[in-house]
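User: I would like to learn how to read pockets, sheets and ligand surroundings in a model such as this one. Could we go through them one at a time?

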Amino acid sequence: MDPGGGVGYSGSRSIGERVMRTQVAVIGGGPAGLLLSHILHLEGVESIVLESRSKAHVMKRIRAGVLEAGSVKLLRDVGLGERMDREGHVHDGAAIVWAGHGRFFIDTRKYTGKRMMAYGQTAITEDLYAAREAAGGEILDEVDDVELHGLTGASPHVTFEREGRPERIDCDFIAGCDGKHGVSRPSMPAGLTKVYEKVYPFGWLGVMSETPPLEDLVYASHPRGFALASQRNPMLSRYYIQCSLDDRIEDWPDERFWEELKSRYPSEIADAIVTGPTIEKSIAPLRSFVSEPMRYGRLFLAGDAAHLVPPTGAKGLNLAFSDVFYLSRALVEHYKGGGDRYLDSYSDMALRRVWHCERLSWWMTNLMHRFPDDTEFDQRSRENELEFLSMSDHAHAALAEQYAGLPYES
Ligand code: FAS
Ligand code: PHB
């Protein structure tokens with residue numbers, strides 16, 4: 001095995017083309033691709049990661065922040081827990097408030113015995129890059145024109161350009177970890193894939209500020225719209241408000257954002273929010289999306305390449321991690337001669353968890369947001385559901401179990 005973690009050169013196929021050889025070609029250097037490459041390396045399986053953007057661009061993305069208990073365990077199990085345990089914030093649930101009513105707390109630790117973690121995706125990506133680079137892993141960034149070939153044969157390959165030069169990777173398997181705009185999912189025959197999609201009529205305006213966060217995550221349902229108070233560390237807060245899809249960042253100077261955010265919380269919470277200059281501000285649309293199956297021949301999809309969830313349930317990143325757990329286990333078993341039962345069951349197994357998280361995220365989004373076409377009946381029913389959730393131990397337990405994350409399948 002090449003000590004460089006997967007790059008063996010086997011000549012060229014066309015003029016000037018450099019040909020590399022590895023076992024698994026990973027398309028996409030986000031959390032899914034990097035974590036997969038890291039776990040494969042720990043198990044002696046070679047991979048090369050192809051990333052279309054620069055490392056600097058990937059590293060400055062600000063996205064998810066809450067890790068399910070299963071994701072926390074997975075990161076610790078693969079040697080990526082040290083900084084998370086040092087800088088992360090252990091998290092035992094989330095509070096919910098809705099207009100005119102006091103807060104109630106969904107206590108995931110009480111109902112599941114599990115502990116979650118608030119630790120940003122940005123930090124996780126830094127940790128993953130550091131681990132791959134320390135291990136001599138091959139991450140080829142700023143690649144262009146990635147194309148997948150031979151997916152139904154035993155020797156697929158990937159062609160791409162890098163620094164203007166044609167390159168090729170011969171491999172055994174391709175992991176499509178290239179997110180919602182990648183090339184992997186479109187490389188599957190249209191007649192094979194079934195897409196399920198729901199587009200929500202609003203977005204999330206998110207900000208980061210170097211201010212002390214609230215103690216807990218607090219989700220708010222308010223006539224003016226949804227709001228969320230979250231955190232990254234004792235001096236880094238993350239806040240979101242539901243906004244119109246017509247909104248632009250420039251419509252939301254800091255002062256207007258802070259005023260609107262506070263207006264969506266009861267005064268005792270609003271008064272505790274420490275405001276300050278925002279260091280990041282972005283608007284993200286909300287979509288539910290699943291493309292089935294997550295396999296085509298030697299191509300396996302993982303993460304946002306196969307599915308998207310509205311961030312209301314904090315499931316997007318966690319789903320990418322559970323896909324990677326299942327796919328890495330399957331590939332390692334193949335290479336260790338254990339057969340292909342996990343490869344053959346990967347798509348169905350991953351999709352069971354995907355659909356669980358899709359439904360939860362859709363349910364929480366409907367519960368906590370106001371929709372332009374809401375009728376009075378819709379809103380009164382929503383308030384009753386929040387009231388039931390606030391008073392029923394069983395409803396608390398059901399939400400806590402799902403929010404903390406169901407166990408991975410064995
Ligand atoms: P990613 O999209 O992170 O990574 C895919 C990588 O593939 C990217 O680096 C991309 O540059 C690369 N790529 C694309 N095309 C390529 C090609 N042709 N060749 C090579 N590389 C290619 N989740 C939560 O749980 N909570 C949140 O609050 C939350 N907020 C979000 C906010 C935003 C704006 C977005 C976009 C997502 C958010 N998510 C959130 C979901 C997010 O965290 C994803 O679930 C997570 O990034 C999934 O990781 P990957 O599957 O690795 O996909
Ligand atoms: C975040 O901290 O970014 C976050 C937390 C919970 C969510 C979504 C985003 O549901």
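User: How do the residues of the lining of the second largest pocket divide into nonpolar, polar and charged?

Analyst: Bear in mind that this is a predicted model. A lining is read by sorting its residues into classes, and here the division is 7 nonpolar, 4 polar and 5 charged. The pocket itself, the second largest, has a volume of about 280 Å³, and of the 16 residues that line it, T122, A123, R232, N233 and L236 are the closest to its centre.

User: Which elements give two or more residues to that lining, and which of them gives the most?

Analyst: Helix 4 (82-87), helix 6 (121-134) and strand 17 (227-233) each give two or more residues to the lining of the second largest pocket, and helix 6 gives the most, with 4 residues.

User: Where does the second largest pocket lie with respect to domain 1 and domain 2?

Analyst: The way to read this is to ask which domains supply the lining. Domain 1 (8-64 + 123-195 + 288-360) and domain 2 (90-117 + 198-286 + 370-404) both contribute residues to it, so the second largest pocket lies between them.

User: Turning to sheets, in what order do the 3 strands of the open sheet stand, and which of them are at the edges?

Analyst: An order is read from one edge to the other, and here it is 5-9-6, with antiparallel pairing. Strand 5 (66-67) and strand 6 (89-91) are at the edges, and because each has a single partner strand, one side of each is left without a neighbour in the sheet. Strand 5 is joined to strand 9 (residues 116-118) by 2 bridges, and V66 has A118 as its bridge partner in strand 9.

User: Which residues come nearest to ligand 1, and what polar atoms lie by its oxygen atoms?

Analyst: Begin with the surroundings, then go to the atom pairs. Of the 29 residues around ligand 1, the nearest are E51, R61, R63, Q121 and D304. An N or O atom in the side chain of E51 is 2.7 Å from an oxygen atom of ligand 1, an N or O atom in the side chain of R63 is 2.8 Å from an oxygen atom of this ligand, and for A32 a backbone N or O atom lies 2.9 Å from a ligand 1 oxygen.

User: Which residues are closest to ligand 2, and at what distances are the polar atoms of Y219, S230 and T312?

Analyst: Ligand 2 is surrounded by 14 residues, of which Y219, S230, R232, Y240 and P311 are the closest. The distances to an oxygen atom of ligand 2 are 2.7 Å for an N or O atom in the side chain of Y219, 2.6 Å for a polar side-chain atom of S230 and 3.0 Å for a polar backbone atom of T312.

Technical notes: Residues numbered from 1 in each chain as written. Chains lettered and ligands numbered in written order. Predicted model: local features only at pLDDT ≥ 70, side-chain atom pairs only at ≥ 80, totals over all residues. Heavy atoms only, no water. 1 Å grid on protein atoms, 1.4 Å probe; cavity = no way out; pocket = protein on both sides within 12 Å on 5 of 7 lines; lining within 4 Å. Points joined across faces, edges and corners; volume = space filled by probe spheres on them. Nonpolar A, V, L, I, M, F, W, Y, C, P; charged D, E, K, R; others polar. Domains from an automatic or database assignment. Pairing = 2+ DSSP bridges. Near = heavy atom within 4 Å. Polar contact = N/O pair within 3.5 Å; in protein donor to acceptor, adjacent residues only side chain to side chain.
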